[in-house]
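Good morning, colleagues, and thank you for making time for this item. I should like to take you through one model, moving from a helix pair to a single side chain.

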Amino acid sequence: MATETTGTTPKIPGQQGPAAAVPTSGPPPAALKAGSLGLVAVLFMAVANAAPITAVTANVPIAIAWGNGLAAPAGFVVATVILTLFAVGFVSMARHITTAGAFYGFITHGLGTVWGTASGALATMAYVVFEASLVGVFSYFAHDALGQWFGWDVNWLVLAAACIAVTAVLGYFDISLAAAVLGVFLVAEVVLLVALAASVVAHGGGPDGWQLGSLNPFAAFSGLPEGGGYGIQTGTPAALLPAGSGAIGLFFALWSWVGFETTAVYGEESKNPRRIVPRATLIAVVGLGAFYTLVSWLVIVGNGAQASVDKAANDSIGLFTGLAEANLGGRWVTDVYLFLIVSGSFACALAFHNAAARYLFAMGRDLPALRGSLGSTHPKHGSPHTASLVQTVVTALLTVGFYVLTTDGSDVAKGANQYQYALLALMGTMAILLVQAICSFAVVWYFQVKKVHRGSVWTTGVVPALGGLGMLYVIYLLFSNISFAGGPGSVSPFFTAIPYVVGACFVLPALGAVWLRRARPETYASLGRTVLEESVERS
């Protein structure tokens with residue numbers, strides 16, 4: 001069951017003794033349907049957020065052509081190390097605190113209510129806009145696939161509406177239904193990419209051998225030499241590449257993991273959260289790291305050094321589909337690849353929808369005025385159905401806004417891909433990286449300063465601190481390359497507003513929490529404190 005730390009003095013997980021009794025008003029906080037998800041389901045939900053086929057297809061070519069070049073796989077090695085350091089502290093907190101608010105609850109218990117409320121609001125904003133971002137790229141991929149298969153030119157707003165509608169329906173019902181859908185799509189895309197990588201091994205490597213230097217972690221910090229390191233390139237003049245930036249390669253490698261941390265969001269609905277969430281988190285981080293590293297390396301091996309750089313710059317999807325056709329047997333493989341990119345982006349949108357709805361629900365149930373609406377659950381399905389509906393409406397409004405209000409928004413390449421996908425993904429990534437950094441230091445404060453629980457000085461002190469510093473480095477990479485990350489959309493007013501929107505989503509909730517501390521102490525006492533009480537395994 002879920003319990004709040006106010007009212008009848010229940011014990012806060014991790015607190016020695018009961019909480020202070022504070023009068024509360026409004027209905028008691030609702031709980032999500034417990035025992036709905038096992039380890040595999042939670043893992044599927046989190047990895048679907050990362051969208052492996054979308055991340056690989058979109059980010060690897062950028063890293064090769066404009067970042068660290070043939071050392072792009074090494075960028076994934078470095079990213080795996082940074083994120084593993086973060087995950088060690090994250091799962092230490094997850095073993096003691098289970099809440100649909102995840103970062104919101106973790107940071108509140110570690111650094112206090114003001115920091116927790118501000119960070120929770122920032123994380124909520126990130127997941128809210130991530131769904132709309134993925135709706136944009138789904139529409140772009142679906143428009144391209146339908147054009148190639150049937151010659152259809154479907155308005156991308158229609159495709160977006162279909163994606164939003166199906167996501168809304170799945171978000172309304174029991175979470176296990178969405179987990180099943182995500183599982184099917186995720187397995188299919190992973191199988192295809194593994195088959196592609198395995199085909200390179202089966203063919204004995206590529207034209208330039210195994211290129212083991214691509215796995216050297218120190219090379220990850222080096223930029224692509226001017227012209228790709230080959231002097232004058234073959235092909236079109238567009239293949240004449242400027243020097244790349246190692247920072248860009250590292251940032252886009254790290255971008256590929258966004259969403260893995262949502263394992264903690266499903267803790268309340270899992271069968272044994274204090275075991276499942278830590279395991280799922282570490283499996284997701286390390287598993288994705290190994291997967292991204294091997295796939296990107298073997299794609300470079302299979303294409304050869306010069307062809308990899310040329311294709312990454314001029315025919316990014318051809319970097320994968322050309323190799324697949326050559327090694328796996330014809331045009332049908334390209335059609336399957338296109339389908340899985342479409343289904344993978346849909347799965348990612350659905351996963352972020354579920355995460356956003358649970359953040360909205362977690363924050364809503366902590367506010368007495370919203371417990372009967374945003375903070376309520378469906379009486380039969382146990383889903384946060386009202387929060388899911390709110391998330392659907394926000395996604396629809398953002399989509400229509402990008403279509404109507406941006407320059408050439410009706411053009412699928414500009415409106416759906418360069419504006420809605422790229423800019424919202426950039427804004428969400430900026431927000432979630434800041435929250436992850438704060439969470440790392442909240443872990444240190446919770447275990448080593450407040451000493452709420454006994455924790456190893458390494459796993460709850462040194463390692464989380466290093467993870468936080470790593471996250472701050474990633475944020476530095478983002479801001480130092482923000483115009484590049486924004487792509488063609490960086491000329492828009494929305495791009496200029498992104499840092500200010502992110503700042504406002506942190507500062508205004510922090511000020512609101514400060515006001516509540518003085519004006520509504522009973523409400524302030526409940527913020528970020530609704531957690532799962534029992535630690536026994538559930539069925």
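**A helix crossing, a covered helix and a buried serine**

Let me begin with the crossing of α3 and α14, which is left-handed. Please bear in mind throughout that the model is a predicted one. Helix α3 covers residues 72–94 and helix α14 covers residues 412–449; their axes come within 9 Å and cross at roughly 55°. Angles from 65 to 115 degrees would count as roughly perpendicular and those under 35 as roughly parallel, so α3 is described as oblique to α14.

Which residues meet at this crossing? From α3 the participants are F86, G89, F90, S92 and M93, and on the α14 side they are Q436, C439, S440, A442, V443, Y446 and F447. By character, the residues of this contact comprise eight nonpolar and four polar, with no charged residue.

I turn next to helix α4, residues 103–111. How many of its nine residues are buried? Eight are, and the helix is accordingly described as mostly covered. The buried set consists of F103, Y104, G105, F106, I107, T108, H109 and G110. Just after α4 comes G112, whose phi is positive, at about 110°.

My third topic is S296, located in helix α9, which spans residues 273–303. Is this serine buried or exposed? Its relative accessibility is 1%, and the threshold for buried is under 20%, so S296 counts as buried.

What lies around the side chain of S296? A polar atom of that side chain is 2.8 Å from the backbone oxygen of Y292. For the backbone oxygen of T293, the corresponding distance to a polar atom of the S296 side chain is 3.1 Å. As a general point, an α-helix has 3.6 residues a turn, so residues three or four places apart point the same way. Setting aside neighbours within four places in sequence, S296 is in contact with V60, P73 and F76.

Finally, the protein as a whole. Its secondary structure amounts to 18 helices and two strands. The protein has 539 residues, of which 59% count as buried. How are its contacts distributed along the sequence? Taking contacts between residues at least 6 apart in sequence, 82% join residues at least 24 apart.

To close, I would leave you with two pictures: the oblique meeting of α3 with α14, and S296 as a buried residue at 1% relative accessibility. Thank you for your attention.

Definitions and conventions:
Residues numbered from 1 in each chain as written. Predicted model: local features only at pLDDT ≥ 70, side-chain atom pairs only at ≥ 80, totals over all residues. Heavy atoms only, no water. Helix = DSSP H or I, 4+ residues; strand = E, 2+ residues; numbered from the N terminus. Buried < 20%, exposed > 50% of the residue type's maximum accessible area, 1.4 Å probe, protein only. Polar contact = N/O pair within 3.5 Å; in protein donor to acceptor, adjacent residues only side chain to side chain. Contact = heavy atoms within 4.5 Å. Axes fitted to C-alpha atoms, helices over the stretch in contact; angles between N-to-C directions. Parallel < 35°, antiparallel > 145°, perpendicular 65-115°, else oblique. Left-handed = near helix turned anticlockwise from the far one by under 90°. Nonpolar A, V, L, I, M, F, W, Y, C, P; charged D, E, K, R; others polar.
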